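Let's take a walk through a protein model, one piece at a time. Keep the picture open while you read.

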Amino acid sequence: MSEHVHVRINQGLGVTENGELVEHSYCRCGATWTKTYRIREEGPE
Ligand SMILES: [Zn+2]
């Protein structure tokens with residue numbers, strides 16, 4: 001097996017029902033990733 005370095009290509013952003021930011025990315029080999037960012041909105045400090 002040859003080593004393969006994934007190249008993450010951004011596929012777009014989305015927002016879940018919980019208000020979290022979701023980032024989709026993929027590689028030409030077919031691998032996919034999903035990053036979820038929590039957006040806190042607790043108001044000013
Ligand atoms: Zn890959």
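What follows is a tour that starts with the whole chain and ends at a single residue.

Before we set off, bear in mind that this is a predicted model. The protein has 45 residues, and its C-alpha trace spans about 50 × 20 × 15 Å along the principal axes. How many helices and strands should you look for? There are zero helices and three strands. Reading from the N terminus, the elements go β-β-β.

Now see how those strands sit beside one another. They form an open sheet with the order S1-S2-S3, and the pairing is antiparallel. Which strands are at the edges? Those are S1 and S3, since each of them pairs on one side only. If you go from one strand to the next, the twist averages 20 degrees.

Let's follow the chain through the sheet. Strand S1 covers residues 9-15, and strand S2 covers residues 21-26. The two pair in the antiparallel sense, with six bridges between them. To find one spot on this pairing, look for Leu13, which stands opposite Glu23 in S2. To get from S1 to S2, the chain makes a hairpin with five residues between the strands. In that hairpin, Gly19 takes a positive phi near 85 degrees.

Next comes strand S3, which is made of residues 32-37. S2 and S3 also pair in the antiparallel sense, over six bridges. You can trace this side of the sheet partner by partner: Val22 stands opposite Thr36, His24 has Thr34 as its bridge partner, and Ser25 has Trp33. The hairpin of S2 and S3 has five residues between the strands, and here Gly30 takes a positive phi near 110 degrees.

What about burial? Of the residues in the protein, 0% count as buried. Strand S3 fits that picture: it is hardly covered, and the count of buried residues among its six residues is zero. There is also a number for how contacts reach along the chain. Take the contacts between residues at least 6 apart in sequence: 8% of them join residues at least 24 apart.

Finally, zoom in on Val22, which is found in strand S2. Which residues is Val22 in contact with, leaving aside its neighbours within four places in sequence? The list is Leu13, Gly14, Val15, Thr16, Thr34 and Thr36. You've already met Thr36 as the residue opposite Val22 in S3. Gly12 is ten residues away from Val22 along the chain, and the C-alpha atoms of these two are separated by 8.5 Å.

Why does Val22 count as partly exposed? It has 14 other C-beta atoms within 10 Å. A residue needs 20 or more to be buried, and 12 or fewer to be exposed, so a count in between makes it partly exposed.

How values were computed
Residues numbered from 1 in each chain as written. Predicted model: local features only at pLDDT ≥ 70, side-chain atom pairs only at ≥ 80, totals over all residues. Pairing = 2+ DSSP bridges. Helix = DSSP H or I, 4+ residues; strand = E, 2+ residues; numbered from the N terminus. Contact = placed C-beta atoms within 7 Å. Axes fitted to C-alpha atoms, helices over the stretch in contact; angles between N-to-C directions.
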